[in-house]
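Subject: Structure handover and notes

Dear colleague,

Please find the structure below, followed by my notes on what was found in it. I would be glad if you could read them with the coordinates open.

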Amino acid sequence: MGNGTVVPNRLAKAAMSECLGSPSFAPTRRHVSLYERFAAGGAGLIITGNVMIDRSAIGEVGNVVVEDDRDLPILRQWASAAKSSGAVALAQINHPGRQVLAGVGSRPVAPSAVKVRRAAGVFRTPRALTAAEINGLITRFADSARILVDAGFDGVEIHAAHGYLISQFLSPLTNLRADAWGGSLENRSRFLLEVIAAVRAAVRPAAVAVKLNSADFQRGGFEDGEARDVVRMLDGLVDLVEISGGTYESTAFMGVSQDATRASTRHREAYFLDFAESVRGSLRTPLMLTGGFRTAAGMTAAIESGAVDLVGLARPLALDPALPARLLQGSAAAGADVPRRLGLARFDGMTDLIWHTVQLQRMGRGLHPAPDRHPLLTMAEYGWHYAPYLWTRMTGGRSR
């Protein structure tokens with residue numbers, strides 16, 4: 001990485017939201033068990049799922065939140081588990097912005113009061129952040145990063161993709177501000193750059209990475225031309241740039257966006273490989289690409305071409321956490337790709353996401369993934385997993 005951190009191999013376990021947090025937003029022993037399994041799986045870099053920076057803004061039930069050091073002992077166990085087989089471990093820090101599920105938290109905040117389209121009843125309409133609140137969030141990102149590094153993580157990844165808060169600042173569709181935080185790309189990028197500067201100052205010399213969309217895949221949104229400009233801004237500022245794409249309105253990162261999965265891209269596996277090749281050029285910062293990699297041949301070709309430095313694997317590891325080791329040993333030619341959807345276009349992306357999340361939760365409980373499980377049964381298991389959490393949130397912890 002740019003800060004001198006050496007990653008043992010070029011395969012990375014990319015972030016997947018585990019949703020294993022306690023009702024008080026703390027990590028649990030299930031995180032430890034899951035990441036011991038990922039560590040034994042052989043990836044050289046392990047990135048956690050969402051660690052939120054604000055208890056009043058969680059994206060999903062079961063998110064972990066790090067605001068202070070109250071959960072430092074279990075955070076240390078989590079970091080130690082992720083690093084137990086020699087991998088470099090980064091904690092992904094995030095704020096959901098407007099992407100807060102209805103009923104999970106208070107009214108969401110965002111750069112502007114723009115609601116999530118095509119998700120009636122799923123997300124509430126946000127209110128626009130004040131300038132003072134924006135500065136406060138920058139401080140929160142830095143505070144969370146410092147605590148996570150103190151807990152033993154080798155650094156953090158700032159989530160600026162998939163339609164979360166930083167991504168909302170970058171997109172002209174969701175950032176309608178007329179002040180210093182909106183308008184031109186320079187202004188829309190200001191929040192990301194200020195967060196990076198604050199985090200860097202808080203954790204130096206630990207690693208600072210950024211996950212960035214190659215595009216939102218929405219007309220008038222954050223397009224690949226602007227994404228290239230932002231990547232150039234990040235060059236030398238961070239130690240790793242991870243490329244992904246899409247939002248909940250256009251779920252390219254789940255492999256269900258028509259633009260991201262056109263025939264030529266499917267043939268080459270990685271959804272965003274063309275973009276990575278276009279920015280590689282004179283980029284000094286190492287580049288990681290996540291989304292669509294399935295075969296050893298495809299991963300090898302992407303690395304040997306010089307387009308990417310690290311291959312990110314997410315959903316295949318939810319079914320086969322030992323896949324990196326088997327790929328490196330030559331005993332696996334491909335990873336599993338078992339999309340489980342209901343056939344309802346409006347809900348397929350979310351159904352597939354939940355199906356894979358349940359596999360992570362099973363491993364956290366010491367069970368094996370269940371790749372043949374019907375999505376309806378998986379949805380029921382997902383709901384059962386959250387029943388105690390929801391009861392605690394609704395009753396304030398009173399017993400039944």
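**Gln168 and its surroundings**

Gln168 counts as buried, its relative accessible area being 2%. Please bear in mind throughout that this is a predicted model. Gln168 belongs to helix H4, and, once its neighbours within four places in sequence are set aside, the residues in contact with Gln168 are Pro96, Gly97, Arg98, Gln99, Val109, Ala110, Pro111, Gly163, Thr174 and Asn175.

**Aromatic pairs**

The count of aromatic pairs comes to six. In one of them, Tyr35 and Phe38, the ring centres are 5.3 Å apart and the planes stand at 70°, and because planes over 60 degrees apart count as edge-to-face, the pair is assigned to that class. Tyr35 and Phe38 are three residues apart in helix H1 (residues 29–40), about one turn of the helix, and both are buried. For Phe169 and Phe191, by contrast, the centres lie 4.4 Å apart with the planes at 25°, so that pair is stacked. The pair links distant parts of the chain, with Phe169 in helix H4 and Phe191 in helix H6, 22 residues apart. Phe169 is buried at a relative accessible area of 0%, and Phe191 is likewise buried, at 0%.

Ring pairs also join Tyr35, Phe38, Trp78 and Phe153 into a cluster. The face of Phe38 has Lys13 lying over it, at 5.1 Å from the ring centre.

**Strand S2 and its partners**

Lys13 also leads to the strands, since this residue stands opposite Ile46 in S2, and S1 and S2 run parallel, joined by two bridges. Strand S2 (residues 45–52) has eight of its eight residues buried, so it is largely enclosed by the rest of the structure. With strand S4 (residues 88–94), S2 pairs in the parallel sense over six bridges, and here Leu45 stands opposite Val88. S2 further pairs with strand S3 (residues 64–65), again in the parallel sense, over two bridges, where the bridge partner of Val51 is Val64.

**Val156 in strand S7**

Val156 lies in strand S7 (residues 155–160) and, at 0% relative accessibility, counts as buried. Its C-alpha atom is separated by 8.3 Å from that of Ala89, although the two residues are 67 apart along the chain. Beyond its neighbours within four places in sequence, Val156 is in contact with residues including Leu90, Ala91, Ile93, Leu148, Val199 and Val208.

**Helices H7 and H10**

In helix H7 (residues 224–234), the buried residues are Glu226, Ala227, Val230, Val231 and Leu234. Seen down the axis of H7, these fall within an arc of 145°, so they line one face of the helix. They pack against helix H4 (165–170), helix H5 (185–188), helix H6 (190–203), strand S8 (207–213), strand S9 (240–244) and H9. After H7 comes Gly236, with a positive phi near 90°.

Helix H10 (residues 296–304) has Gly298, Met299 and Ala302 buried. Seen down its axis, the buried residues of H10 fall within an arc of 100°, so they too line one face of their helix, while Ala297 and Glu304, on the other side of H10, are exposed. The cover over the buried residues of H10 includes strand S1 (11–13), helix H9 (273–280), strand S11 (310–313) and helix H12 (323–329). Just after H10, Gly306 takes a positive phi of about 85°.

With best regards

Note on methods:
Residues numbered from 1 in each chain as written. Predicted model: local features only at pLDDT ≥ 70, side-chain atom pairs only at ≥ 80, totals over all residues. Heavy atoms only, no water. Buried < 20%, exposed > 50% of the residue type's maximum accessible area, 1.4 Å probe, protein only. Helix = DSSP H or I, 4+ residues; strand = E, 2+ residues; numbered from the N terminus. Arc of directions from axis to C-beta. Contact = heavy atoms within 4.5 Å. Pairing = 2+ DSSP bridges. Phe/Tyr/Trp six-rings, centres within 6.5 Å; stacked < 30°, edge-to-face > 60°. Lys NZ or Arg CZ within 6 Å of the ring centre and 35° of its normal.
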